[in-house]
Every structure is written in C-alpha cells, then in structure tokens.
Amino acid sequence: FFGDICRCLCILGMGVSFILVLIAAALAAGIATAGKTDLFSAFVIYISFVISFIITGLTFKKSMKKRIFILSIFFLGTVISSCSQSYESNGLFPVDGKFAEISGYISELPTESNGKYTYIITCDGSKYKDTVYPSKANIILRSDKKFEFGQNIGVKGFVNRFSGKMNHNSFDYARYFKSKKVFYSITDFETATDNSFRRLCTLAYLSNLLKDKIQKFVDIYTSGDDAAVLKAVLTGSKKNFSDEFTAVQQRTGTIRFLYSGYLHILLIFTLTELFFPFARRKFKENVYIAVILAYALFNSGTASILKTVFVSVFAVIFLRQKGYLHFPDVLSAAVITILLGNPLMLYSSGFILSVYISWLFFMLREPVYKLFDFIGNKWLARYISMWFLGTAGTVPIIAYFFDGIAPLTSLFTIVYLPVIAVILVL
C-alpha cells in the first residue's frame with residue numbers, strides 16, 4: 001500500500017512539470033498571497049526574483065524562461081486578487097464604522113432562518129451627514145422585516161467591515177461572503193422602501209429572478225424546512241434552513257445530498273441523450289457543452305457548479321484534441337478559468353473542497369482500493385475504499401473550514417456513497 005502511495009507521489013511530482021498544473025498552482029498561490037501583503041511589496045519581490053533568475057541563467061547558461069513565466073503567473077494572481085478586493089471593498093470605505101445611509105436594491109435572493117432575513121444589497125451610493133459617496137459595492141443587511149428580490153431599498157445604520165470570522169454553526173461566513181464579493185454589513189436602525197423594483201437584463205439578475213419565482217412557487221404549497229429542502233434541490237439555495245436543521249445536517253454530513261448542480265448536470269446529460277439518441281457523438285457533445293455552459297452562466301456565483309461544468313467541458317476538449325484524458329490537466333484548466341473569472345472564488349470553501357476531493361480521488365483511488373482488496377468482492381472493496389477516501393481523506397480540510405469534524409458523518413457517508421459515485425462520473 002505504501003509503495004503505491006509513493007508511486008502516486010512520484011506521479012504527482014511528474015504532474016507538476018505539466019504547465020497547466022503549474023500555472024493553476026501559481027495563480028492560486030498568488031491570489032492567496034494578495035490577502036497577506038500589499039501590491040507594492042509583491043511587485044518588489046517579483047522584480048527581485050526575476051533579476052535573480054536572469055543572473056543565475058546568465059551565470060550557469062541555463063534557460064530561466066519557464067521559471068520567470070510561472071513567477072509572472074504568481075504575480076498576476078496577486079494583482080487581479082488585490083484589484084478585485086480593492087474595487088469591491090473600497091466602495092464603502094468612506095462610511096466604514098459610521099452611522100450612514102445606504103441606497104440600492106436587493107441583488108441576491110433573500111434568505112430566512114428562524115424569522116430573521118438576510119439580504120445582499122448592491123449599493124447605488126452611501127451618505128454620511130451631508131456628503132454623498134457613489135458606490136457599487138455589496139453590503140449585507142440582516143433584518144426581521146421581509147423584502148423582495150430586486151426591490152429598491154434605503155437603510156440607515158452603522159456600516160462595518162467584516163473583521164475575523166463570523167461564525168455561525170461553526171462555519172466561517174466572513175470567508176463565504178468574501179467569495180461573493182461582500183465585505184461589509186449594516187446594522188438596521190431604519191429601513192425604507194418605495195415598493196418599486198429594479199429591472200435589469202444581466203445574467204445574474206435573470207438567474208436570480210427565475211430562482212425567486214421557483215422559491216415563491218414552493219412557498220405556496222409548503223413551508224419551513226420542507227420548503228427549504230425543495231429550494232435547495234431546485235435552486236441551490238441552502239440558506240433557508242432553521243438553525244436546528246442546519247446543525248443536524250452538519251453533524252450527519254447529509255448536506256451533501258443538496259448540491260443541486262450535480263443533479264442538474266446529470267439531468268442535462270440524460271436529456272441530451274434522450275432527445276438526440278441517433279445523433280453523432282460529436283454533435284451530442286456540442287449540444288451538451290453549449291447547454292452546461294449556459295447553465296454555468298446562470299449559476300456563476302456557485303463554485304461547485306462552475307468547477308463541475310468546466311471539468312466536463314475541458315474533458316471533452318482534451319479527448320478531442322489529444323485522444324486521451326489526463327485528469328490533472330483537465331482539473332487545472334477548470335481552476336485557471338474560474339480563478340481568472342473571479343479570483344475571490346479561492347475564498348469559497350465549496351470551491352476548495354470540490355477541487356481537493358477531485359484531486360484526492362484521482363491520486364489515491366487505486367492505492368486505497370488495493371488496501372481493501374482482501375475483502376474479496378470487487379464491488380464492495382471499491383465501495384469501502386471510496387467511503388474511506390471520502391471520510392478520512394477529507395477530515396483535515398473539513399476540520400479547518402468547520403472548526404472540527406462530525407463523528408456521525410463517517411457513519412452516514414457510507415449510506416449515501418452512491419451519490420458520490422455519480423459525482424465522480426460527472
């Protein structure tokens with residue numbers, strides 16, 4: 001078993017030599033570095049290393065182009081992350097910590113838990129005393145008042161930038177909202193609306209409008225956590241559960257059932273085969289790619305959906321171009337595409353977990369299967385090995401994001417392991 005592990009680590013070392021894997025790692029490292037240092041310091045370090053590589057290359061007559069290229073990707077990650085964070089967070093900087101007035105509209109679907117509502121407002125501007133500051137930043141409003149998606153709203157209260165964790169049921173919500181480009185919250189002292197609604201033609205707005213219609217339809221026939229489960233499956237919104245139900249899901253790990261993206265993509269694939277049973281494979285692949293890319297555009301804020309979509313798309317592309325499929329290249333291409341589109345997605349625990357689990361199963365699936373080969377039954381051995389990887393393999397990263405692990409998760413995981421098998425096929 002340990003020999004197989006060593007061989008896999010050697011393969012991993014060889015994989016790092018592949019340019020896509022290295023670019024993805026450098027880009028992610030650069031984005032993570034942006035949160036630890038300022039852009040000027042990063043630039044000084046970048047120039048210092050470039051000069052060092054050039055001198056080393058001239059001295060030993062070696063080509064340093066690849067190292068300089070990868071270092072440039074690292075610096076690019078730092079730049080785009082710093083710019084993105086600066087643009088999204090500085091919009092409300094003039095009123096940070098002050099009692100101010102915010103005007104804008106509710107740009108994301110409202111969530112409700114135990115009678116309290118959470119709204120994300122895209123600001124038109126902010127006002128402190130008699131000074132008006134234009135801003136397009138996003139801000140969180142928590143209130144016991146109910147408003148609608150798209151509704152124009154004005155709020156007076158204390159504006160505060162997130163500092164540290166906003167733990168709720170052992171989950172870091174500050175990190176989660178950062179991946180959504182939200183850096184501020186406002187304490188609601190006075191709220192005013194004119195019952196008018198914003199009408200936009202952006203994909204994000206149309207996507208949320210459709211999801212809002214679905215959620216309202218669900219509310220007609222059911223309520224409470226039953227309605228929350230339906231909303232999670234149909235729209236992907238998992239923020240409407242009661243605190244008690246959320247705690248149960250986290251203890252048992254059953255929240256994995258509610259990743260709607262995998263179900264929707266499997267449905268798209270099935271319908272493509274159903275409607276075009278006799279079409280050529282290339283035609284069906286083109287239809288499949290077009291539909292899931294459109295689906296990704298309408299769900300651009302959901303990291304796990306984006307990762308699944310782009311892995312599927314790049315898998316088809318690599319098979320056409322090379323005639324074989326090398327999963328590290330496919331996964332790396334998907335990661336690069338997502339992070340270039342939204343570098344703050346790196347702060348999404350869902351995105352990191354999704355990429356980590358995919359890589360884990362690729363690297364260790366066969367060695368772990370051989371570890372349980374003594375069982376005799378091949379199907380059962382693979383079943384147990386997948387369960388082992390999905391529990392023991394993910395313990396460190398889950399403990400980091402959720403401040404601990406749930407002992408019951410390992411027991412319940414083996415029950416719904418076929419769902420994970422479907423995810424792996426996708």
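Which residues in α10 meet which residues in α11? In this predicted model, the α10 side of the contact consists of Lys282, Glu285, Asn286, Tyr288, Ile289, Ile292, Leu293, Tyr295 and Ala296. Their partners in α11 are Ile305, Leu306, Val309, Phe310, Ser312, Val313, Val316 and Arg320. By residue class, this contact divides into 12 nonpolar, two polar and three charged residues.

The geometry of the pair may be considered next. The axes of α10 and α11 come within 10 Å of each other and cross at roughly 155 degrees. Since angles over 145 degrees count as roughly antiparallel, the two helices α10 and α11 are therefore assigned to that class. The crossing in which α10 passes α11 is left-handed.

Both helices also belong to a wider arrangement. The largest nonpolar core of the model comprises 38 residues, and those with the most contacts inside it are Val309, Phe314, Leu339 and Phe351. Two or more residues of this core come from each of α2 (19-34), α4 (65-90), α9 (260-275), α10 (281-297), α11 (303-322), α12 (327-341) and α13 (349-371). The greatest contribution is that of α11, with 11 residues. As a general background, nonpolar side chains in soluble globular proteins tend to be buried together.

Phe351 offers a local view of this core. Leaving aside residues up to four places away in sequence, Phe351 touches Ala303, Val335, Ile338, Leu339, Met345 and Leu346. Leu339, one of these partners, is itself among the residues with the most contacts inside the core.

Apart from this assembly, there is a second, separate core of 21 residues, including Leu92, Val159, Tyr184 and Ile186.

Conventions. Residues are numbered from 1 along each chain as its sequence is written. This is a predicted model: local features need pLDDT of at least 70, side-chain atom pairs count only at pLDDT 80 or more; totals for chains, interfaces and linings use all residues. Side-chain values use heavy atoms; hydrogens and water are left out. A nonpolar core is a set of buried Ala, Val, Leu, Ile, Met, Phe, Trp, Tyr and Cys residues joined through side-chain atoms within 4.5 Å. Buried means under 20% relative accessible area, exposed over 50%, partly exposed in between (1.4 Å probe, protein chains only). Helices (H or I, at least four residues) and strands (E, at least two) are DSSP runs, numbered from the N terminus. Contact means heavy atoms within 4.5 Å. Axes are lines fitted to C-alpha atoms, for helices over the stretch in contact, and angles run from 0 to 180 degrees between N-to-C directions. Angles under 35 degrees count as roughly parallel, over 145 as roughly antiparallel, 65 to 115 as roughly perpendicular and the rest as oblique. A crossing is left-handed if the near helix is turned anticlockwise from the far one by less than a right angle, and right-handed if clockwise. Ala, Val, Leu, Ile, Met, Phe, Trp, Tyr, Cys and Pro count as nonpolar, Asp, Glu, Lys and Arg as charged, and the others, Gly among them, as polar.
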